[in-house]
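Reader: Hi! Could you walk me through this model while I have it open?
Author: Happy to, let's pull it up.

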Amino acid sequence: MRKWLNRALAVLFIAFLCTVFCVTMVQHGRMYAYGFFKSYKEKLPKNPTILDNIEARIYKLNGNANERLFLRDEMRVLNARFQSLLGKDIYDVGGKDTVRLANGAYYDMFTQKSTYEKMEELIDFSIRLEEEMNIPTAFVYCHGGVYEESLLPEKYRPMDDNNAFADEFIEAFKKAGISVTDSRVAYRTAGLTPDQAIFNSDIHWTHRMALETAAEAVRNLNRDFDLGLDETALDYERFVDEVHKDIFKGEIAQRLGLGIVDVDDIHLLYPAYDTHIEYTSEKTGVKIEKSGSFSETVVDREKMNIDSDDGYSTTAYYIYGDYLARLHTINKDAADKKILIFKDSYGTPVSAYFTLVAGELIAIDLRSTNESIEAIVREIQPDVVIFAYSQQMLRKFDYVIAE
């Protein structure tokens, strides 16, 4: 009897997998095909080998499987609920170890191995950039996780190498004489609480935390390079703090479910003083041009639109433009400096706030281009290059730095 029951369960499981595959192909087959046969080329180096082609195609298939799989979210939430019923305080869902912090927020622990080879290459490139082109480099480290060790349950601290990685990375850049802004310092300087800096329901930091980091970076740039940027322009006291209560259902809440994770408020921050910005955003051949105040150009309120299915927004973090787009702004009221920022999703709001202090700003996400960093710098010829990256990006940094 037990043998037949096992066989029946196996048949049902196989039938379920076939159903998931078939429905996924019906819904997203074109995107899988596009990634496998065309857009994989975005991940190729200049002179790709056969192995490079295979790796790039696998990368696209894996990305599609993570983002476009029938019943993906439902299965993840069901998995989390089972783990909750079993009394677990750390959830293994979607390949991430997620633990509840002392303040009620959730945190994806950093336990994966990482390499410093690309960071060493980035340091060497930064030194060469200043020696050969007289263009200084600054690094803005976006620490999007735990800001206080005490928030993480003591038994899990030995498993997490978040701060150790950050300390080692930052120390290497400082030893090379490169200007560094550590967002953990910005957090303490601003006197923020964890609830002001960390979302409950998402992996990203809050927009207030991004603003304070941008302000700290401006102070450091003026100190190290005498750029003459207006430090008062990023003073939180000169901003409107527009609160949208309980609207944001972030990535962690989507993964674990609202029965486990609470939704967040969104603090939409924009200057209380007059601003005028000429704004251009380009993504996949589509160009958007706007002119007006910061809140009319840089802020994208549509990202806070409520999903009719559950009454929350899943995109409200991205109110400061599209993190995969190439941003170009002109602010004639700001210092006559051209700043180039390479950024990820954490660095996107940082670069958005920089539109208030830079006469010309170009912000680029390397995931949206196959150009090398060196080629982009030579094309733009900025006064300073800034890398605004989170630990997540730095751990898997696999982009072409120089040809």
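**Contacts, helices and backbone**

Author: Among contacts in the chain between residues at least 6 apart in sequence, 69% join residues at least 24 apart. Keep in mind that this is a predicted model.

Reader: Thanks! How many helices and strands does the chain have?
Author: The chain has 13 helices and 13 strands. Of its 403 residues, 47% count as buried.

Reader: Let's look at a helix pair. At roughly what angle do the axes of H8 and H11 cross?
Author: Helix H8 (residues 207-225) and helix H11 (residues 347-354) cross at roughly 55 degrees, and their axes come within 9 Å. The two helices are therefore oblique to each other.

Reader: And is the crossing left-handed or right-handed?
Author: H8 passes H11 in a right-handed crossing.

Reader: Which residues make that contact?
Author: From H8 there are His207, Ala210, Leu211, Ala214, Ala217, Val218 and Leu221, and from H11 there are Pro349, Val350, Tyr353 and Phe354. By class, the contact of H8 with H11 has 10 nonpolar residues, 1 polar residue and no charged ones.

Reader: Nice. Switching to H12, which of its residues are buried?
Author: Ile373, Glu374, Ile376, Val377 and Ile380 are buried in H12. They cover an arc of only 160 degrees around the axis, so they lie on the same side of H12.

Reader: Is there a general reason for that kind of spacing, or what should I keep in mind?
Author: An α-helix has 3.6 residues a turn, so residues three or four places apart point the same way.

Reader: Good reminder! What covers the buried residues of H12?
Author: The cover includes helix H4 (117-133) and the strands S10 (326-330), S11 (335-343), S12 (358-364) and S13.

Reader: What does the backbone do just after H12?
Author: Glutamine 381 takes a positive phi of about 55 degrees there. This glutamine is in the loop between helix H12 (373-380) and strand S13 (384-390).

Reader: Why would I flag a positive phi?
Author: Most residues other than glycine have a negative phi.

Reader: Fair enough. Is glutamine 381 buried, exposed or partly exposed?
Author: Glutamine 381 counts as partly exposed because its relative accessibility is 44%, and the partly exposed class runs between 20% and 50%.

Reader: One more: what is the phi of aspartate 246, and where is that residue?
Author: Aspartate 246 has a positive phi of about 50 degrees although it is not a glycine. Its place is in strand S6 (residues 239-248). At 44% relative accessibility, aspartate 246 counts as partly exposed.

How values were computed
Residues are numbered from 1 along each chain as its sequence is written. This is a predicted model: local features need pLDDT of at least 70, side-chain atom pairs count only at pLDDT 80 or more; totals for chains, interfaces and linings use all residues. Side-chain values use heavy atoms; hydrogens and water are left out. Axes are lines fitted to C-alpha atoms, for helices over the stretch in contact, and angles run from 0 to 180 degrees between N-to-C directions. Helices (H or I, at least four residues) and strands (E, at least two) are DSSP runs, numbered from the N terminus. Angles under 35 degrees count as roughly parallel, over 145 as roughly antiparallel, 65 to 115 as roughly perpendicular and the rest as oblique. A crossing is left-handed if the near helix is turned anticlockwise from the far one by less than a right angle, and right-handed if clockwise. Contact means heavy atoms within 4.5 Å. Ala, Val, Leu, Ile, Met, Phe, Trp, Tyr, Cys and Pro count as nonpolar, Asp, Glu, Lys and Arg as charged, and the others, Gly among them, as polar. Buried means under 20% relative accessible area, exposed over 50%, partly exposed in between (1.4 Å probe, protein chains only). The arc is that of the directions from the helix axis to the C-beta atoms.
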